[in-house]
Each structure stands twice: as C-alpha cells, then as structure tokens.
Amino acid sequence: MRKGLIVLLVAAVAVAFALPAMADLTPKNLNVSGFYRAKAWVSNFDGVGALADEPPTSAFVEQRARVKFDFGTENVKAVWFTEIDMNWGDLGGQVGRNQGGALGGDSINVETKNLYLWFKIPDTSLDFTVGLQNQSDAYAGVLYGAADMAGIFMTGKFEPVQFKLGWAKLYENLAQKTDDATLYVAEVNLLPAKAVSLGLNFMYLTDDTGAASGINLKLNPGNDVAPGPTSALANYKVDLYTPGVNATFKAGPATLSGFAFYQFGTAESMLPGGTDIDVKAYGGDLRADLKVGPANVFFEGLYLSGDDKDDEYNAPVTLGDYQGTNTGSGGNSSYTRTRMQIMLASWDTINTAQCLVGCSGGVYGDSLGLQGRGLWHVAAGANIDVTPKIKVEANVGYAAAVKLQTGESAFRDKDLGTEVNAGINYNIAKGLDFGLYGAYVFLGDFNMVSTTSDPEDLWSGYARLNYAF
C-alpha cells in the first residue's frame with residue numbers, strides 16, 4: 001500500500017513538472033471562428049448554363065463549413081481559412097472538393113480557402129497581408145469581388161487619407177519568365193469631412209500567358225473575330241488599365257454612394273497577321289440607402305457599357321472573365337448588394353450558383369458584361385426588424401443588355417428579366433439563425449436562343465440554417 005502511494009506521489013510530481021512544458025507545445029493566442037450553413041432547395045433552375053422550355057423541378061440539400069484559424073498577436077498573425085462543401089447524398093469515399101455527403105461519407109475534401117500572414121509595422125499605420133487572401137475592388141465587386149488571390153497588399157492612413165497598394169499573381173506560367181497574369185492595385189480614400197468620403201482608384205492587369213493551357217480569358221467581340229465565349233482568348237498579350245472614383249455622402253437618414261470607372265487597353269495578337277482587340281469600356285453605379293419608418297430601404301442603378309463593334313471590346317473586362325483549369329471555375333466577380341438571388345449572383349451562394357449572369361456557372365457567364373453586350377440593372381429593396389429576433393426583406397430588380405450582337409435581333413431583344421424575392425430570418429439562439437427565402441424571375445426575350453424557344457420563368461425557394469461561431 002505504502003509503495004503504491006509513493007508511486008502515485010511520484011507520478012503526480014512528474015505531471016506537475018511536465019505541465020509547463022506541455023503548455024509550451026500548445027498554440028498561443030489561437031482564435032477559431034467560422035460558420036456552418038445548410039440550405040434545402042426546391043427550384044426549376046439548375047443554374048449550370050441551360051434554360052428549358054419545360055424545366056423539371058429539383059430538390060436537394062447543400063452545406064458549407066468554413067473555419068478560420070488565427071494564430072498570433074495584435075501585431076502579427078498567421079491566418080488559415082479552411083472550407084468543406086458538399087451536397088447531401090452526392091459522393092462518398094472520394095478525393096476531391098465539394099463532395100462527401102453520400103452514404104458512408106469518408107471523403108478527403110478539406111480545402112484551403114486562404115492562407116496568409118498579416119502584420120503591422122510598429123509605431124506606424126501600415127499593415128501588410130502576404131499570401132493567398134480575399135480581396136474586393138472599390139466598385140461593389142464588379143471587377144473582382146470576394147476573390148481569392150495570392151499577393152501582397154498594404155494598407156495605411158495619414159489622416160484624412162487612407163490608402164491601399166496591392167500586387168497579386170493571378171497565374172504563374174513558366175517560372176522565371178515574363179509570361180504570367182498579374183494584377184496591380186492602388187486605392188486612395190480621402191475623408192475631407194465626417195459625412196463625406198472620396199476614393200481615387202487605379203487597376204492595371206497584364207496578361208502575358210498567351211496560349212498557356214489552364215488560363216482562359218474569355219472575350220467575345222461582336223462578330224467572333226477572336227474566340228467566342230466558350231473559347232480561351234489564346235495567343236494574345238493583354239494590357240488593361242482601369243482608373244476610377246467612388247464616393248459616399250451621408251445626409252441625415254440617407255446615405256448616397258456611387259462609383260464610376262473607365263477601362264482601356266489592348267489584347268494584342270501574338271500571331272502573324274492576327275487582329276488586335278481594343279478594349280474601351282466604362283461603368284457606373286449610384287445607390288441610396290435611407291431609413292423609412294422602421295424599414296431600411298435602398299435604391300440602386302448599375303450601368304456597364306457594351307457594343308457590337310467588330311474591332312473593339314466595349315464591355316468591362318473583369319476577373320470573372322478568367323475561367324480555366326488553373327484559375328478556378330469563375331466566381332471572381334461578385335456584385336451582390338442589390339440582393340438578387342437568380343438574375344445576378346446571390347449574396348448567399350454555397351455550391352449551387354443559380355444565376356443568369358454574374359456568378360460562377362451563370363447562364364451568360366461570371367462577368368457582368370454579358371460577353372461584350374453590356375448590362376444595365378436597377379433594383380430596390382427593404383428590410384425590417386419585426387422583433388429583435390425576426391427580420392424580413394423584399395427586393396425587386398430589372399436587368400437588360402445594352403447592345404445585341406450581330407444577327408441576334410432576329411430572335412431576341414435586350415430584356416433579360418425582372419426578379420422579385422423575399423425572405424424571413426429568425427434568430428433561434430446566439431449565432432444560430434433559420435431563414436426561408438424565395439425568388440421568381442419573369443424572363444425577358446433576351447433568353448430566347450432561337451425563334452422557337454420559349455424558356456419558362458425561373459423560381460426557387462430554400463430553407464437556410466446558419467450557425468456563426
């Protein structure tokens with residue numbers, strides 16, 4: 001008995017001495033946050049590039065889990081975002097992204113969404129984000145929104161001026177050669193008064209990849225002199241310049257905001273006797289947010305130029321125009337603040353990108369430029385906190401092409417459609433929400449692909465469970 005007590009005492013002392021050493025092995029200043037989201041859908045629109053005269057009704061459930069691991073202190077952090085997406089019942093026991101929900105599960109499907117180092121220079125306002133990170137432009141995501149890119153971005157401020165400088169490598173072709181796709185960004189935000197801000201911005205995109213496999217910059221001039229929307233813009237050297245401004249003005253219960261940009265450059269043919277393509281495009285947006293009784297109301301209009309010229313491309317070129325094996329499947333533009341769910345990219349997309357234009361897998365592509373035709377869009381909406389736990393919203397929007405391409409007027413017009421949608425969200429507990437959402441699109445005749453086609457209007461509805469932690 002005595003020997004047993006001695007052994008127990010020695011073991012306890014050993015554990016006591018080992019605890020500090022074990023503590024040194026655990027991550028210090030580790031913060032974990034993220035969300036789990038599940039959506040149960042019913043819809044007549046699969047969102048993968050086809051409109052049908054008599055579309056079938058589908059029902060499915062999708063889910064996403066995204067976790068952020070934040071290691072470090074207030075001045076330096078290493079950040080890692082992981083993500084797992086799946087549809088219930090899709091595949092099991094596989095290796096690949098966006099799957100693993102079938103019977104048995106057991107798939108290898110963890111993605112690295114972002115991985116970067118953030119640090120602040122002591123005694124200055126400068127901070128740097130270095131690595132694979134998420135970035136958005138100053139134009140509500142029209143050119144690139146919530147896009148993942150590897151690079152270095154610096155922000156700082158010298159009152160009343162704030163600024164951002166960035167460089168990102170969109171695609172590395174052959175190492176140690178000038179044959180890559182690279183983005184340069186400069187943004188300066190002036191705060192002359194408490195209620196006013198003015199931004200001056202510049203973006204330069206250079207693409208020297210030429211005919212590199214796996215990177216597809218898709219442009220579609222009017223008569224398809226260059227490859228069309230389903231082909232890569234191969235054997236071209238692209239240089240694009242985009243200066244622009246954005247501004248915000250607050251007056252009482254109203255906030256006015258807007259932006260405008262101009263884009264110019266050349267897609268220079270690298271083939272003997274090839275045709276160069278001049279890019280001359282512009283875009284603008286104006287939005288009003290105001291308080292009307294208990295409701296938060298917005299009105300917004302977006303215009304992106306377009307044309308049907310043979311030797312020019314007159315719609316803005318966005319990072320959503322990049323689609324390929326080595327640059328992802330799209331989703332690099334993200335204009336979502338008018339709260340559309342089908343007509344434009346949804347603010348709540350997980351795996352299923354159900355949209356006509358402006359989302360990954362959209363019927364008319366990820367870029368909002370409608371493959372050179374241009375786009376204009378107007379929308380309005382309102383949301384109300386009915387109780388501290390219940391919130392409702394309703395939105396309406398219209399979109400149309402600016403121009404039609406050669407020969408299209410024989411079977412289609414510029415009217416893309418009108419969407420109405422609504423939703424209700426209930427907060428069950430801290431961080432846990434349940435919502436019901438639905439949308440209906442009255443399709444316009446732009447969606448006619450022939451004189452005999454007549455695709456049905458689109459609708460969808462889903463129940464949403466979201467837990468943020």
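Mentor: A disulfide here is a pair of cysteine sulfur atoms within 2.5 Å. Keep in mind that the model is predicted.

Trainee: By this rule, to how many disulfides does the count come?
Mentor: Take the sulfur atoms of Cys-355 and Cys-359, which are 2.0 Å apart. The cut-off is 2.5 Å, so this pair qualifies. By this rule the count comes to 1 disulfide.

Trainee: Is the disulfide of Cys-355 and Cys-359 left-handed or right-handed?
Mentor: Look at the torsion about the S-S bond. For Cys-355 and Cys-359 it is about -105 degrees. The disulfide is therefore left-handed.

Trainee: Is Cys-355 buried or exposed?
Mentor: Buried means under 20% relative accessible area. Cys-355 has a relative accessible area of 1%. Its disulfide partner Cys-359 has 6%, and also counts as buried. So Cys-355 is buried.

Trainee: What share of the protein chain do buried residues make up?
Mentor: The protein chain has 469 residues. Its accessible surface comes to about 22600 Å², and 62% of that belongs to carbon and sulfur atoms. As for buried residues, their share of the chain is 44%.

Trainee: How many strands does the protein chain have?
Mentor: Helix content is quickly told: the chain has 1 helix. Among contacts between residues at least 6 apart in sequence, 58% join residues at least 24 apart. The strand count is 19.

Trainee: Which residue stands opposite Leu-198 in strand 10?
Mentor: Start with the pairing. Strand 9 (residues 196-207) and strand 10 (residues 236-251) pair in the antiparallel sense, over 12 bridges. The residue opposite Leu-198 is Ala-247.

Trainee: Which residue in the turn between strand 10 and strand 11 has a positive phi?
Mentor: Strand 10 and strand 11 (residues 254-269) run antiparallel, joined by 14 bridges. Within that pair, Asp-239 stands opposite Thr-266. The two strands form a hairpin with 2 residues between them. The turn residue with a positive phi, about 60 degrees, is Gly-252.

Trainee: Which side chains make a polar contact with the side chain of Asn-395?
Mentor: Asn-395 lies in strand 16 (residues 390-401). Asn-395 is buried, because its relative accessible area is 7%. Beyond its neighbours within four places in sequence, its contacts include Phe-298, Arg-339, Met-340 and Glu-419. Its side chain makes polar contacts with those of Glu-393 at 2.7 Å and Asn-421 at 2.9 Å.

Trainee: What separates the C-alpha atoms of Asn-395 and Gly-423?
Mentor: Along the chain, Asn-395 and Gly-423 are 28 residues apart. In space, their C-alpha atoms are separated by 9.2 Å.

Trainee: Which backbone oxygen does the side chain of Gln-405 reach?
Mentor: Gln-405 lies in the loop between strand 16 and strand 17 (415-429). Gln-405 counts as buried, because its relative accessibility is 8%. At 2.9 Å, its side chain reaches the backbone oxygen of Gln-371.

Trainee: How many residues does the largest nonpolar core have?
Mentor: In soluble globular proteins, nonpolar side chains tend to be buried together. In this chain, Val-142, Tyr-144, Leu-183, Leu-356 and Leu-416 have the most contacts inside the largest nonpolar core. Leu-416 is in contact with Leu-356, and also with Met-343, Tyr-364 and Phe-446, among others. The number of residues in that core is 53.

Notes. Residues numbered from 1 in each chain as written. Predicted model: local features only at pLDDT ≥ 70, side-chain atom pairs only at ≥ 80, totals over all residues. Heavy atoms only, no water. Pairing = 2+ DSSP bridges. Helix = DSSP H or I, 4+ residues; strand = E, 2+ residues; numbered from the N terminus. Buried < 20%, exposed > 50% of the residue type's maximum accessible area, 1.4 Å probe, protein only. Contact = heavy atoms within 4.5 Å. Areas by Shrake-Rupley, 256 points an atom, 1.4 Å probe, with all protein chains shown as cover. Polar contact = N/O pair within 3.5 Å; in protein donor to acceptor, adjacent residues only side chain to side chain. Core = buried A, V, L, I, M, F, W, Y, C linked by side-chain atoms within 4.5 Å.
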